Amino acid sequence: MMIVPPGSRIGIVGGGQLGRMLAMAAARLGYSCYIYAPEASGPAADVSAGWTQGGYDDASALAAFAATVDVVTYEFENVPVAPLKLLSQRLHPNPAALEVAQDRLVEKDFVARLGLRPAPYRAVDDIAGLRAALAELGAPAILKTRRFGYDGKGQARLHSADDADAAWKAIGGRPAVLEGFIRFDREFSIIAVRGADGAFATWNAPDNVHEAGILATSTVPAGALITSQAADAVAMTRKVADALDYVGVLTVEYFATADGPVFNEMAPRVHNSGHWTIEGAVTCQFENHVRAICGLPLGSTDLAAPRVEMRNLIGEQANDWVAILADPTAHLHLYGKSDPRPGRKMGHVTRLIGA
Ligand code: AMP
């Protein structure tokens with residue numbers, strides 16, 4: 001891969017908070033970032049050099065945008081793959097990763113082939129298929145749409161076979177996957193970075209706590225259960241990254257169960273459960289993503305403090321910034337979103353403990 005030297009232009013498809021944090025890390029290394037997104041503005045606008053408004057499915061607008069920058073990446077995975085495929089060499093990670101991560105069925109088939117262990121699952125295309133899948137997997141179970149699901153959206157829990165009709169209706173009767181319910185003790189993620197030369201590194205595996213399907217906190221180091229399963233999960237994550245010839249940051253979420261790590265889902269990008277790395281690691285996920293897509297050597301992923309805690313500020317919680325700043329050691333991040341809708345990620349706060 002060609003080196004894209006500092007001073008070059010990075011194009012980012014998507015203009016949310018991940019783009020914002022990528023652009024800030026890129027600026028530190030001397031790059032300038034240009035955003036392509038369908039909205040008129042967004043969290044990345046304040047910290048980037050330019051903003052092009054265009055549809056994710058507008059192949060010619062996207063190609064014209066790509067021609068003005070030196071390398072392109074994406075911070076959002078629900079983007080049609082075909083227009084991105086046309087950018088080929090200039091785009092990292094390669095769109096094969098998007099193709100896999102956009103569809104829960106494709107994703108589970110893919111990781112199962114690599115020897116990872118997803119929850120037991122069945123494809124569901126109609127209500128009869130749902131009843132058949134439920135008879136095989138048993139209740140409780142979770143029905144998830146194959147596409148466009150995140151933060152617990154597009155999901156319905158089934159406590160018994162009687163819930164089939166309501167669950168099918170709740171997810172809008174769209175192609176789905178039924179998953180057996182996993183009795184897990186903790187949830188964690190492996191945030192990994194892979195360079196074009198195959199160099200591979202991971203950060204300390206955070207213990208992730210979700211509330212109402214949304215990440216609430218990530219803490220490192222995690223407790224004994226996760227720590228004892230992290231090496232296995234790192235090896236699994238590396239298989240995924242290698243199989244996709246991945247360049248950039250890749251995140252895989254796992255359930256820590258009594259029988260070892262169970263694959264939950266992957267994201268072909270920097271991840272909310274890695275925001276603690278901004279202050280809590282020698283090199284953060286955003287900087288290492290930039291280094292990887294530009295062909296630079298990766299930075300150390302070591303911890304920068306004995307313990308690091310990241311808490312998301314969801315909806316109105318961001319209004320607590322006065323109280324948060326009363327702790328002079330708190331690292332407050334606000335994403336510049338004006339409307340604190342319930343469930344919306346408005347910012348996060350990180351604390352380094354024992355540093
Ligand atoms: P997801 O969007 O698939 O990550 O699901 C959101 C949250 O729902 C997860 O973080 C888990 O807390 C829970 N969940 C998802 N799938 C399962 C499963 N198969 N068994 C138990 N809990 C699950």
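Here are a few friendly notes on one sheet, two helices and one pocket of this predicted model.

1. A good place to begin is the open sheet, whose 4 strands run in the order β3-β2-β1-β4 and pair in parallel. At its edges stand β3 (50-53) and β4 (71-74); each has a single partner strand, so one side of each is left without a neighbour in the sheet. From one strand to the next, the twist averages 25°.

2. Next, look at the pairing of β1 with β2. Strand β1 covers residues 9-13 and strand β2 covers residues 32-37, and the two are joined in the parallel sense over 5 bridges. To find your way along this pair, use I10, which stands opposite C33 in β2.

3. Two helices are worth tracing against the sheet. Helix α1 (residues 17-28) lies across β1 and β2, and its direction is at about 170° to β1. Helix α2 (residues 59-67) lies across β1, β2, β3 and β4, running at about 175° to β2.

4. Now turn to the second largest pocket, which holds about 400 Å³ of space. Its lining is made up of 15 residues, and the closest to the pocket's centre are M1, Q89, R90, L91 and H92. By character, the lining residues divide into 8 nonpolar, 4 polar and 3 charged.

5. Where does the second largest pocket lie with respect to domain 1 and domain 3? Both domain 1 (9-91) and domain 3 (186-353) give residues to the lining, so the pocket lies between them.

Methods: Residues are numbered from 1 along each chain as its sequence is written. This is a predicted model: local features need pLDDT of at least 70, side-chain atom pairs count only at pLDDT 80 or more; totals for chains, interfaces and linings use all residues. Side-chain values use heavy atoms; hydrogens and water are left out. On a 1 Å grid over the protein atoms alone, a cavity is a set of points where a 1.4 Å probe fits but cannot get out, and a pocket is an open set with protein on both sides within 12 Å along at least five of seven lines; lining residues have an atom within 4 Å of a point. Grid points are joined across faces, edges and corners, and a volume is the space filled by probe spheres set on the points. Ala, Val, Leu, Ile, Met, Phe, Trp, Tyr, Cys and Pro count as nonpolar, Asp, Glu, Lys and Arg as charged, and the others, Gly among them, as polar. Domain bounds come from an automatic or database domain assignment. Two strands pair if DSSP finds at least two bridges between them. Axes are lines fitted to C-alpha atoms, for helices over the stretch in contact, and angles run from 0 to 180 degrees between N-to-C directions. Contact means heavy atoms within 4.5 Å.
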